[in-house]
Amino acid sequence: MTVSTLKHLNSLFIVLLVVFSLTPEVAEAKKPMPPFFKKMSKQHGVPVDVLYALAMTESNTRMRDGSYSPWPYTINIDFKGYRYQSYADLVRQSRSLLKQGRKSFDVGFFQVNWKWNGHRTKSIELLANPYENARVASEIMKEHYATYGNWVVAAGRYHNPANNRGLANVYSKNFARNLKKVRSEMIY
């Protein structure tokens with residue numbers, strides 16, 4: 001071996017050593033994407049990071065361990081979020097709201113509004129199901145993406161299609177912040 005080859009191999013060895021010594025630390029710092037979101041992304045054609053960031057923006061909840069995560073059993077009524085322990089509790093509250101004549105409330109991981117998007121599913125019970133909630137949210141997101149060609153703008157319009165009082169723009173900024181967080185802190 002020539003001196004030049006030895007220097008090259010030595011340099012390569014040092015680079016590989018540094019890369020492999022950093023990899024476990026980087027991997028440990030990132031948390032894995034929940035399998036539910038990977039499955040829904042694959043089934044419905046919305047990028048997994050976009051789908052998870054949307055759920056974060058809509059239903060992020062502080063867990064007992066202090067971390068935050070989207071919560072599937074969430075309702076928003078008059079700009080106030082309510083978290084329930086189970087699907088049955090969420091459905092019970094949804095039915096109660098409907099019996100009271102209330103139609104404008106948001107349901108599930110993705111806070112799909114029953115009044116404006118209930119026609120996309122067969123029942124409130126189905127919309128409260130996380131899988132159906134993801135399907136409907138994905139359908140709405142893809143419609144807006146087809147119009148605007150940008151997932152951040154699509155998310156804003158998901159929240160407020162007409163951008164009344166600039167609310168879609170404000171939402172887009174919050175969504176973009178969550179999307180950046182997902183991309184930097186999660187493995188997917």
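Buried means under 20% relative accessible area, exposed over 50%, and partly exposed in between (1.4 Å probe, protein chains only). This is a predicted model, in which local features need pLDDT of at least 70 and side-chain atom pairs count only at pLDDT 80 or more, while totals for chains, interfaces and linings use all residues. Residues are numbered from 1 along each chain as its sequence is written, and side-chain values use heavy atoms, with hydrogens and water left out.

Q: Is R120 buried or exposed?
A: The relative accessible area of R120 is 17%. Because the limit for this class is under 20%, R120 counts as buried.

Q: Which residue meets the side chain of R120 in a salt bridge?
A: A salt bridge is a side-chain nitrogen of Lys or Arg within 4 Å of a carboxyl oxygen of Asp or Glu, and for this pair the distance from N to O is 2.9 Å. The two residues are 23 apart and link distant parts of the chain, with R120 in the loop between α5 (114-117) and α6 and its partner in helix α7; helices (H or I, at least four residues) and strands (E, at least two) are DSSP runs, numbered from the N terminus. The partner of R120, which is partly exposed at 38%, is E143.

Q: Which residue forms salt bridges with both E132 and E139?
A: The bridge to E132 has an N to O distance of 2.8 Å, while in the bridge to E139 the closest N and O atoms are 3.0 Å apart. E132 lies in helix α7, three residues from this partner, and E139 lies four residues from it in helix α7. The shared partner, partly exposed at 24% relative accessibility, is R135.

Q: Which element gives the largest share of the largest nonpolar core?
A: A nonpolar core is a set of buried Ala, Val, Leu, Ile, Met, Phe, Trp, Tyr and Cys residues joined through side-chain atoms within 4.5 Å, and the largest one here has 43 residues. The elements that give two or more residues to this core include α2 (35-44), β4 and α9 (167-185). The largest share, eight residues, comes from α3.

Q: What is the order of the strands in the open sheet?
A: Strands pair if DSSP finds at least two bridges between them, and four bridges join β4 (residues 74-77) to β5, which run antiparallel. The edge strands, each pairing on one side only, are β5 (80-83) and β7 (112-113). The order of the four strands is β5-β4-β6-β7.
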